[in-house]
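Me: Please take a close look at one single part of this protein, and explain it to me slowly, as I am in my first year. I would also like to see how that part connects to its surroundings and to the rest of the chain.

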Amino acid sequence: MEKANTNLIKEINLNLVRKVLKQVSKATKPQLAALTDLSVVTINTLMQELLNNGEIFEDEIVPSNGGRHALTYRFNYEYSLALIIHINEKQGIDVVSTTVVNLNEDVLMKEEHPFRIFDATQFYSIIQDIISLYPSIKVIGIGIPGQSVDGEITVSSHERLNGIRLAEDVQSQFGLPVIVENDVNAAVCGYVYREQIDEDQCVLAVYFPENSPPGMGIYLRNGVLKGKHGLAGEIKFLPSIVWDESKGREVFFKSVCEIIQILQSVFDPNQIVVYRENIEEEAFYHFLEAYKAKHEMPLYPDIVLSDLFYKDFKTGLRGLTLKELERPIIVFK
C-alpha cells in the first residue's frame, strides 16, 4: 500500500512538471522548482525520468543569478501526437478528413480522402499509412455525424456508418485509445473554446444541415451531457419538427423557434447556438421577436446564429482528443 501511495505521488508530481513545462516551453530546474513548489531534489529525479522517456530535451545553458550557469530543458511537444479524423459529407460524397497534431496543437499533416461509398478496409488503410509516417501517435479521435449506443453507431445521417462498432474496431486494429464523438457534441465544445465561455455555463448547440435532420449538443459544467445511452440531443425525434425549408421559410423558422422554446423550458441555458448555412439572419431575428411576443416565457436565452459549424466541430474534436493525452495511465508495480 505504501509503495502504491509513493507511485501515485510520483505520478502526480510528474504530471505537474509536464503541465508546467508544456505551458512555459522551457525552464531550468530551479525555475521549475519555483513554479511547481517542489524541491530541487524532487525535480532532479523527475526530470531524469522525463529525459529518459524523451518527453523533454536538454536545451541551452543560461547564466544564473550569481551562481553557476544553468541548463534549460525544453518540452517535447511531439512526444505524443493525436490523429484526428472527421467524417463528413460533401456534395453527396463521404469525405474523411485526417489531421495530425502535436501537444502544442500544431498541425503536422492534413489530408482529405473522398469515399464514393464508405469502405472500412480503405478507412483502416488510411489510418495505417498515417501511423506509419507518425509513429508517435498515441490516440485517435473520430468525429461522426451520429451517435453510438453501447459502442455501436445506431443513429447516423450516414446510413453506411450505422451498425459499425467504430471505436472497438479501430482500437482492435491499431492498439491505440480511440474516442468517437458526435459532430454536434464536438462543435458545442469548439464553440465554448473559441468564445472562451466560462466553464460553468450551459450552452446548447442546434445544427440544421441543409439535407439532413437536426441534432443538438449540450455543454454543461465543463463537459458534454450525453444521457444514459449517449442519445441526449437527438431532437430530430421531436414531433412536428420541420428541419428543411422545402415547406417554406416561415414554416422552418417556426420549427426553429419551437425548438428554442422547448430547450429554454427544459435546460434554461445561457446561450443557444443555431448552426445553419445561408440563413437570412435579419429575417430570422425578426420572426423570432414576433414569436416571443406570441409565446410568453419568463425569459429567453441569447440566440447566436452561426455558419461556423465545421470550424467548431474540428476545434472541439481536437480539444477532446488532446485531453486524452493528458490522462496518463498510472500503473503500480
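Reply: To read the place of a residue, we need one definition: helices, of at least four residues, and strands, of at least two, are runs assigned by DSSP and numbered from the N terminus. Please keep in mind throughout that this is a predicted model.

The part I have chosen is the loop between β12 (215-220) and α7, where Arg221 is found. How exposed is Arg221 in this loop? Its relative accessible area is 70%, and a residue counts as exposed when this value is over 50%, so Arg221 is exposed. Being exposed does not leave Arg221 without partners, for if we leave aside its neighbours within four places in sequence, Arg221 is in contact with Glu199 and Gln201. The C-alpha atom of Arg221 also lies 4.6 Å from that of Asp200, although these two residues are 21 residues apart in sequence.

Asn222 also has its place in the loop between β12 and α7. The backbone of Asn222 deserves attention, since its phi is positive, at about 70 degrees, although Asn222 is not a glycine. The relative accessible area of Asn222 is 39%, so this residue is partly exposed. For a second example of a positive phi, we can look towards another part of the chain, where Ser25, a residue other than glycine, has a phi near 80 degrees. Ser25, too, belongs to a loop, namely the one between α1 and β1.

Let us now follow the chain onward from our loop into helix α7, which covers residues 249-267 and includes Arg249. Within helix α7, Lys254 and Glu258 are 4 residues apart, which is about one turn of the helix, and they form a salt bridge in which the closest N and O atoms are 2.5 Å apart. Lys254 counts as partly exposed because its relative accessibility is 41%, and Glu258 is likewise partly exposed, with a relative accessible area of 23%.

Arg249 forms a salt bridge with Glu280, and here the closest N and O atoms are 2.8 Å apart. This pair links distant parts of the chain, for Arg249 is in helix α7 whereas Glu280 is in the loop between β13 and α8, 31 residues apart. Both partners are described as partly exposed, Arg249 at 34% relative accessibility and Glu280 with a relative accessible area of 44%.

The loop that holds Glu280 leads us to another residue, Glu277, which lies between β13 (271-275) and α8 (281-294). With a relative accessible area of 41%, Glu277 is partly exposed. Together with Glu210, Glu281 and Asp307, Glu277 forms a negative surface patch.

Having walked out from the loop, we can set it against the whole protein, which has 9 helices and 14 strands. Buried residues make up 46% of its 333 residues, and Thr28 in strand β1 (residues 26-28) is one of them, because its relative accessible area is 6%. Not counting residues up to four places away in sequence, Thr28 touches Val62, Ala70, Leu71 and Thr72. Ser97, found in strand β5 (residues 93-101), is also buried, again with a relative accessible area of 6%. Leaving aside neighbours within four places in sequence, the contacts of Ser97 are Ile84, Ile85, His86, Glu111 and Glu112.

The salt bridges described above belong to a wider set, as the structure holds 12 of them. Among the others, the side chains of Glu49 and Lys10 meet at 2.6 Å, N to O. That pair, too, links distant parts of the chain, with Glu49 in helix α3 (residues 40-53) and Lys10 in helix α1 (residues 2-24), 39 residues apart. Elsewhere, Glu11, Arg18 and Glu55 are linked in a network of salt bridges.

Finally, consider contacts between residues at least 6 apart in sequence: 62% of these join residues at least 24 apart.

Note on methods
Residues are numbered from 1 along each chain as its sequence is written. Side-chain values use heavy atoms; hydrogens and water are left out. Patches are made of residues with over 30% relative accessible area and no salt bridge: like charges are joined within 9 Å, nonpolar side chains (Val, Leu, Ile, Met, Phe, Trp, Tyr) within 5 Å. Accessible areas come from the Shrake-Rupley method with a 1.4 Å probe; for residues, only the protein chains shown count as cover. A salt bridge is a side-chain nitrogen of Lys or Arg within 4 Å of a carboxyl oxygen of Asp or Glu. Lys and Arg count as positive and Asp and Glu as negative; His and the chain ends are not counted. The place of a charge is taken as NZ of Lys, CZ of Arg, CG of Asp or CD of Glu. Buried means under 20% relative accessible area, exposed over 50%, partly exposed in between (1.4 Å probe, protein chains only). Contact means heavy atoms within 4.5 Å.
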